[in-house]
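Here is a short note to read with the structure open beside you. Take the points one at a time, and find each residue on screen before moving on.

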Amino acid sequence: MYTPLVSVNIICYNQAPFLKQRIDSVLQQTYFDFELLIWDDASTDDSKKIIEQYRGHNRVSEIIYNSFNSGNGYTQWQDAIEKCQSKYLWIAEGDDFAEPSFLKQAVKILEENPTAALVETDAYYIENNLPASLVSEHKNITFSKALWTKDFVMKGEDAILDILAHGNCIANVSNVLFRADVLKQLHFNFSGYKYSADWFLYINLFKKFDYAYLHQPLSYFRLHCDNATKKGRASGKALQENFSIINKMIPYLKQHEKYNNNYIKSVNRYITIFGVPFSSKISLLVYYLTTNFSLAIKGLYYNFKSRFGKNNHA
């Protein structure tokens, strides 16, 4: 049985208003050697009605409906990786969409750069259903680099130490084409993460493989603050997860002599109790202090200083 070069996996939950545009943008790709799987995480809106319109399409190899909502979107990432038999994997969020040339150009980059674990393209944020600012503009500001203004292939170690150790620079998985065998070799366990699994996944991928980037915007990214994200922020669980990832980074940073006060300053936005309801502040603080006392004290100090220091006029 023939296996297409690319497996496209649309993952969705209650995204009916955007789902037809998402599916059509995949089926209209100018690169043709792909299969399409659609995963629905027990949607309660009209998603199934829309999806069923594509049953029988020659590109749609499988439609999967979960009996119960997983409560964690990363579960579908895990399922897609385990099921993939193709050389490349595109995990396409159900509310985003892409230019027709996305696959053609992304495949070309990975074929030409066998050391790259993935290629990310630039994308437009979508506001009021219209393209707004470029994702690259925000990244260049956040990381104080003019890096994402051109194509590049960066050594994975450099990508971690210079960028990913300080925050997740890959804004959205819909903008990414993965090398599937690399994902399978990693055996990454998504079950321990609900908010920042993608960040830790990219860090682990780049320990052995490189980061390719295409500066042309070939994807469109809708920003939503969903119920799970709101609950994560309110409970402090999302901040706990970020702190856990930073803590797990420390041995790698020490190995490369990059763990110091300047590093902690650069990630202090993740080590905070601000923006969290009072009812969650104590448990969050306890988590910080019992996980890594020194990192917590320094991170909180720099976070307070950045907010209330005499040079801060915000």
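1. **Two helices in contact.** Begin with Leu-285, Tyr-288, Leu-289 and Thr-291 in helix α12, which meet Phe-293, Ala-296, Ile-297 and Leu-300 in helix α13. Sorted by character, the residues of this contact come out as 7 nonpolar, 1 polar and no charged. Please keep in mind, here and below, that you are looking at a predicted model. Helix α12 covers residues 278–291 and helix α13 covers residues 293–308; their axes lie 5 Å apart and make an angle of about 125°. The two helices are therefore oblique to each other. An angle over 145° would have counted as roughly antiparallel, and 65° to 115° as roughly perpendicular.

2. **The buried face of α5.** Which residues of helix α5 (residues 135–142) are buried? They are Val-135, Ser-136, Lys-139 and Asn-140. If you look down the axis of α5, these buried residues fall within an arc of 130°, so they line one face of the helix. What do they pack against? Their partners are the strands β6 (116–127), β7 (130–134) and β10 (210–222).

3. **A buried salt bridge.** Lys-139 deserves a second look, for this residue forms a salt bridge with Glu-120, with the closest N and O atoms 2.7 Å apart. The pair links distant parts of the chain: Glu-120 belongs to strand β6 and Lys-139 to helix α5, 19 residues apart. Are the two partners buried or exposed? Glu-120 has a relative accessibility of 1% and counts as buried. Lys-139 is buried as well, with a relative accessible area of 6%. The cut-off to remember is that buried means under 20%.

4. **Salt bridges with partly exposed partners.** How many salt bridges does the structure hold? There are 6. Another of them joins Glu-62 and Lys-83, whose closest N and O atoms are 3.2 Å apart. Here Glu-62 sits in strand β3 (residues 60–65) and Lys-83 in helix α3 (residues 74–83), 21 residues apart along the chain. Glu-62 is partly exposed at 31% relative accessible area, and Lys-83 is partly exposed at 35%. A further salt bridge brings together the side chains of Glu-111 and Lys-87, at 2.8 Å from N to O. Glu-111 lies in helix α4 (residues 102–112), while Lys-87 lies in the loop between α3 and β4 (88–93), 24 residues apart. Glu-111 has a relative accessible area of 42% and is partly exposed; Lys-87, at 38%, is partly exposed too.

5. **The buried face of α4.** Now stay with helix α4 and look at its buried residues: Phe-102, Leu-103, Ala-106, Val-107, Ile-109 and Leu-110. Seen down the axis of α4, they fall within an arc of 160°, so they line one face of the helix.

6. **Phe-221 and its neighbours.** Phe-221 is found in strand β10 and is buried, with a relative accessible area of 11%. Which residues does Phe-221 touch, leaving aside those up to four places away in sequence? The contacts are Asp-96, Tyr-124, Tyr-125, Ile-126, Val-135, Ala-171 and Asn-172. You can also pick out Asn-175: its C-alpha atom is separated from that of Phe-221 by 8.2 Å, although the two residues are 46 residues apart along the chain.

7. **Ala-159 in α6.** Try the same exercise with Ala-159, in helix α6 (residues 156–162). At 0% relative accessibility, Ala-159 counts as buried. Not counting residues up to four places away in sequence, Ala-159 touches Met-154, Leu-164, Phe-206 and Tyr-211. The C-alpha atoms of Ala-159 and Lys-207 are separated by 9.1 Å, with their positions 48 residues apart along the chain.

8. **Two positive phi angles.** To finish, find Ser-144, just after α5, in the loop between α5 and β8 (152–154). Its phi is near 55°, a positive value in a residue other than glycine. Ser-144 is exposed, with a relative accessible area of 66%. His-187 is not a glycine either, and has a positive phi of about 50°. This residue lies in the loop between α7 (180–186) and α8 (197–205). His-187 is exposed, at a relative accessible area of 68%.

Note on methods
Residues numbered from 1 in each chain as written. Predicted model: local features only at pLDDT ≥ 70, side-chain atom pairs only at ≥ 80, totals over all residues. Heavy atoms only, no water. Axes fitted to C-alpha atoms, helices over the stretch in contact; angles between N-to-C directions. Helix = DSSP H or I, 4+ residues; strand = E, 2+ residues; numbered from the N terminus. Parallel < 35°, antiparallel > 145°, perpendicular 65-115°, else oblique. Contact = heavy atoms within 4.5 Å. Nonpolar A, V, L, I, M, F, W, Y, C, P; charged D, E, K, R; others polar. Buried < 20%, exposed > 50% of the residue type's maximum accessible area, 1.4 Å probe, protein only. Arc of directions from axis to C-beta. Salt bridge = Lys/Arg side-chain N within 4 Å of Asp/Glu carboxyl O.
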